[in-house]
Amino acid sequence: MSDSPLRVSVRQGEKIFSQGDMADCAYIVEHGRIGVLVERDGAEIQIAERGRGDLFGEMAIIDGMPRSATILALEDCVLLKLTRSQLAHRIEAADPIIRLLLDVILTRFRDTLAGIDKPQAEAIGTGNVSDRRDERLGDDHRIEAVAQMRLERELEFGIRNHEFELNYQPIVELRNGRVAGFEALIRWRHKERGLVPPIIFIPAAEASGLIIPLSRWCLRQACRDLQTFRRALPADRALFVSVNLSGIDLQRPDFVADFARILAETGADPSDIKLEVTEGVLMKEADRVIETLNACRSMGSTIALDDFGTGFSSMSYLSKFPIDTLKIDKSFVQALHTDRASHNIVNAIIALGWGLDIPTVAEGIENAADADALLAIGCAYGQGYYFSQPITPAEAILYLQAATPPAQHLHKAR
Ligand code: C2E
Ligand code: CA
Ligand code: CA
């Protein structure tokens, strides 16, 4: 057997590895054929044959157990080596539920193999594997995967049982405190857990695909609430509602049709709906996302780029993507008076907005000094606890009708 860091040449009849060996790599067959052998009653029996393009030896790499079979070259072979780190890194990065599934499948497979010759398998360490699972997938990973599966099941139940609600946070014109619109922010009123913040369940909704019905619900509810707000206001009063979307929503080919149907059902004016997306969303499957956003825009809706400055900011995409508003991330706004770099970043984003003729919204304004400073730098709109916490639709109507915002009675933490 001639061994290089990348490839191994093996002559017919040679063993590549033996059952019970510790593993440091997996292989892909480039040329030739190999046989998979296990021991039975003291003799080796062939249970499978593999050829060009097949992968073998991966199990021991994935779960760190000794080899469960012997591999014999049935012809002269050339094999490509895959390192442990190549596979381990991918498995570490995988969804915890996929990792749990992989572990369960490998355990079952090893148990089945061990069943071919239990005493022999136990002697070399492939028996009783299910008792030794903690050596492979740590308890923390197992607990994480189970918690995520439970959360996803509860999310599904919550969507069916109407456990979600939208709160609205005003976005105001900094020069006069007038409400320009509201950002819809989702809340989950869970029967046992209480109010669950979106930061906990949005990632699980994205990972499970439940974000699709959830976003559809948000869009429909935001359009309905907008119509209620409108009825409480003079007909000529401009007002928008912005809705947060995930990349998964915008990659779906039927998003535009769903959105159009929701607009038609609720009677909401598309130009009163702003769709908020983050920089990361624009980077993944960019062409499809641009197509979706352009279609929404051609219906009359506008697009806000959320958390601007925190992602993979590249000036080039600002001209490439259809963006109508830049939202300056609250981390920069909140450090405006304490961190020179943040102050400069806020300045630069506002100047960029002016240069591109795109209005800016500063998020996370918590005091008058920040609101005044942002107005002085040239930021048109602001949002934050200084004006109001996210509030219920009924409170939003009161807020809208209040003569001089910020309405002090709504400032209290909820
Ligand atoms: P985001 O879109 O950046 O929303 C702004 C977050 O900042 C909200 O947190 C809001 O309550 C909070 N916030 C507003 N003003 C202030 C302030 O002055 N100080 C501080 N410290 N925080 C302020 P929330 O509601 O917990 O939402 C967190 C994130 O969850 C949102 O960040 C958004 O990414 C996501 N999210 C919320 N609702 C939805 C939704 O309906 N769909 C999707 N896909 N994501 C949502
Ligand atoms: Ca947002
Ligand atoms: Ca934001």
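**Ile328, the nonpolar cores and helix H5**

In this predicted model, Ile328 touches Phe308, Gly309, Val333, Val346, Ile349, Thr360, Val361, Ala362 and Glu363, leaving aside residues up to four places away in sequence. Ile328 also belongs to the largest nonpolar core, a set of 67 residues, where Ala222, Val243 and Ile328 have the most contacts inside the core. Helix H7 (residues 211–231) supplies the largest share of this core, eight residues. A second, separate core holds 23 residues, including Ile34, Met65, Ala69 and Leu79. In soluble globular proteins, nonpolar side chains tend to be buried together.

Helix H5 may be considered next. This helix runs through residues 139–160, and its 22 residues reach 32 Å from the first C-alpha to the last, close to the 32 Å expected at 1.5 Å a residue. Within H5, the residues Leu151, Leu155 and Gly158 are buried. These three lie on the same side of H5 because they cover an arc of only 65° around the axis. An α-helix has 3.6 residues a turn, so residues three or four places apart point the same way.

The buried residues of H5 pack against three elements of the fold: strand S10 (164–173), strand S11 (179–190) and helix H6 (198–208). On the face of H5 turned away from its buried side are the exposed residues Asp139, Arg150, Arg153, Phe157 and Arg160. Just after H5, the backbone at His162 adopts a positive phi of about 55°.

Note on methods
Residues numbered from 1 in each chain as written. Chains lettered and ligands numbered in written order. Predicted model: local features only at pLDDT ≥ 70, side-chain atom pairs only at ≥ 80, totals over all residues. Helix = DSSP H or I, 4+ residues; strand = E, 2+ residues; numbered from the N terminus. Expected span 1.5 Å × (residues − 1). Buried ≥ 20, exposed ≤ 12 C-beta atoms within 10 Å, placed from the backbone. Arc of directions from axis to C-beta. Contact = placed C-beta atoms within 7 Å. Core = buried A, V, L, I, M, F, W, Y, C linked by C-beta atoms within 7 Å.
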